[in-house]
Amino acid sequence: MPSVPVQDPAGERANTSPCAGIVGAGIAGLSAAIALRRAGWDVEIFERSQFKNEIGAAISLPSNAARVLDHWQFDLQKAAPVPNQSVRLVSADQLTTISQEDYPDIAAQLGHACWSFHRVDLHRGLRDLATDPAVQDDTFGCPVEVRLGCEAVGVDCNLGKIQLADGRAVVKDLVVIADGAHSRLVGNLIGHEPQLQVAGRSIYRWLVPMSDVLAHAEARKLYVDELPGFLNLQDPAKGVFWISYTCRGGDILNNAVVHRTQAGEGDQDLWHSPVSKEQVLSMLDNFHPSAKSIVNMASEDGIKAHHLFTRPPLASFVRGRAVVVGDAAHAMLPTHAAGGAIAVESAATLEVLFKGVDGTDEAVVSQRLQLFDKLRIPRCNLTMLVSNAGPQALDNPSVIKEVRRFYSGPLPEQGSQPWGAQFRELLFHHDEYRAAELALAQAPLLENGGAKVESCAIVG
Ligand SMILES: Cc1cc2nc3c(=O)[nH]c(=O)nc-3n(C[C@H](O)[C@H](O)[C@H](O)COP(=O)(O)OP(=O)(O)OC[C@H]3O[C@@H](n4cnc5c(N)ncnc54)[C@H](O)[C@@H]3O)c2cc1C
């Protein structure tokens with residue numbers, strides 16, 4: 001087990017473990033860090049923020065991602081996710097059920113349960129897995145170093161060099177760009193400015209104690225005697241969709257109201273723009289009073305708004321010694337609740353492809369990154385394109401044509417609903433460990449590798 005630091009004070013390489021630098025400690029960056037640590041790499045994360053703002057929202061991780069967390073022995077007891085076992089579509093005004101699907105046996109169907117987490121609980125659990133010295137076995141790299149308040153301003157993908165805002169630069173065997181939907185650094189990988197597009201849709205989101213909902217004579221009827229999962233209240237006339245589900249052991253109800261962006265709401269600070277209850281209620285004027293009462297249960301300043309963004313698909317996620325993951329690689333709308341999940345899946349790919357790799361061997365690193373592209377471009381771009389095209393994605397031939405540029409496998413039938421059985425099968429019944437192990441087994445053996453290069457040093 002390596003026990004020396006990745007870099008010594010003189011900036012010389014201090015040990016023989018391969019080393020990776022990750023920009024961004026969101027779900028994608030932390031997951032990549034856990035995966036590479038498990039693969040025997042020493043990992044350093046550079047995170048711009050101080051993690052002072054906790055995100056008051058939940059996230060649903062379907063089977064494809066939940067199985068990866070299980071593989072890592074993620075502490076489920078601490079995070080207390082709620083299983084997702086149903087999806088209900090209900091009219092906003094009359095609360096009439098439009099469709100309902102219960103899938104209590106989803107774990108048997110998809111090979112694993114689907115879970116809903118409070119984002120803070122998921123993030124903490126990932127950070128623990130990355131950094132805890134007690135999470136260790138002989139093949140792991142050192143506990144991950146997370147450098148908070150450490151902004152990266154550029155990446156030289158060919159050299160594996162990360163330029164930091166404080167003037168220093170670090171050189172790594174592998175650089176993972178995970179700086180989110182507003183990524184600046186992905187431009188260094190694709191060779192031009194990323195084209196972030198405003199989706200014209202925004203989200204109001206807030207959490208309320210489930211005890212308050214259950215104490216309300218009318219609101220409680222929306223949830224009692226139902227399996228945990230998505231409740232989707234729809235107002236098609238105004239194009240408003242309110243998705244709610246429970247997290248943190250069922251104690252918290254997560255609410256997300258997707259709507260056409262209103263003037264003056266949301267900004268680049270993704271999760272933290274406050275919005276008044278009056279503004280939310282005016283958007284929900286067609287909604288039944290029992291639903292509206294849940295808006296009034298939000299704490300003062302508890303409701304936030306932000307814009308949603310999309311980006312055109314990338315043809316490659318890799319360059320030189322660098323790879324881009326998460327929203328930096330594929331910014332998507334939350335139609336299928338799949339953006340974070342697919343980033344966790346990509347971490348599993350990194351774990352399999354980089355296990356035991358000599359980071360100084362350029363040929364092997366390059367081969368593994370090419371394999372990463374081969375595995376991840378079809379899956380990630382498929383998920384992004386069907387998410388960004390909205391619930392009727394597959395009714396649109398131009399969306400299918402775009403999907404077919406990257407993905408050649410089966411697609412759900414026209415009219416299939418997000419989180420319906422066919423989409424669940426396509427997006428969530430996927431075992432990335434198996435896929436990556438198969439791809440690796442079929443890849444040509446590289447004997448002797450390529451040129452050895454010296455890295456893992458502070459160079460400025
Ligand atoms: C309303 C909503 C609901 C969603 N629901 C779901 C869901 O149910 N299921 C699901 O799977 N997905 C969901 N998603 C998508 C999911 O939230 C994202 O895909 C995921 O959070 C992206 O994680 P990330 O690590 O790529 O990016 P981020 O979480 O944005 O993390 C990027 C990190 O990089 C840091 N950073 C940025 N620039 C720099 C820099 N220059 N230097 C250093 N650090 C930097 C940031 O501070 C941040 O910590 C949802 C998204 C939205 C908007």
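This section describes the ligand site, a small group of paired strands and a pocket in a predicted model.

The ligand is surrounded by 32 residues, of which Glu 47, Ser 60, Arg 119, Asp 327 and Ala 341 come nearest. By class, this shell comprises 18 nonpolar, eight polar and six charged residues. Backbone atoms of the protein approach nitrogen atoms of the ligand at several positions. A backbone N or O atom of Ser 60 is placed 2.8 Å from a ligand nitrogen, and a backbone N or O atom of Ala 337 lies 3.0 Å from a ligand nitrogen. For Gly 340, the distance between a polar backbone atom and a nitrogen atom of the ligand is 2.9 Å. Of the 1000 Å² of accessible area that the ligand has on its own, 87% is covered by the protein. Two or more residues of the shell are contributed by each of α1 (27–38), β2 (42–47), β3, β18 (304–310) and α10 (339–354).

Strand β3 also belongs to an open, antiparallel sheet of three strands, ordered β3-β7-β4. Its edges are formed by β3 (58–61) and β4 (82–83), each of which pairs on one side only. Strand β4 is joined to β7 (residues 115–118) by two bridges, and Pro 83 has Trp 115 of β7 as its bridge partner.

The second largest pocket encloses about 490 Å³ of space. Its lining consists of 21 residues, with Leu 375, Arg 379, Tyr 407, His 430 and Ala 435 nearest the centre. Helices α11 (362–388), α13 (421–428) and α14 (432–442) each provide at least two lining residues; the largest share, seven residues, comes from α11. The lining divides into 12 nonpolar, four polar and five charged residues.

Key. Residues are numbered from 1 along each chain as its sequence is written. This is a predicted model: local features need pLDDT of at least 70, side-chain atom pairs count only at pLDDT 80 or more; totals for chains, interfaces and linings use all residues. Side-chain values use heavy atoms; hydrogens and water are left out. On a 1 Å grid over the protein atoms alone, a cavity is a set of points where a 1.4 Å probe fits but cannot get out, and a pocket is an open set with protein on both sides within 12 Å along at least five of seven lines; lining residues have an atom within 4 Å of a point. Grid points are joined across faces, edges and corners, and a volume is the space filled by probe spheres set on the points. Helices (H or I, at least four residues) and strands (E, at least two) are DSSP runs, numbered from the N terminus. Ala, Val, Leu, Ile, Met, Phe, Trp, Tyr, Cys and Pro count as nonpolar, Asp, Glu, Lys and Arg as charged, and the others, Gly among them, as polar. Two strands pair if DSSP finds at least two bridges between them. A residue is near a molecule or strand if one of its heavy atoms lies within 4 Å of it. A polar contact is a pair of N or O atoms within 3.5 Å; within protein, one must be able to donate a hydrogen and the other to accept it, and residues adjacent in sequence count only if both atoms are side-chain atoms. Accessible areas come from the Shrake-Rupley method with a 1.4 Å probe; for residues, only the protein chains shown count as cover.
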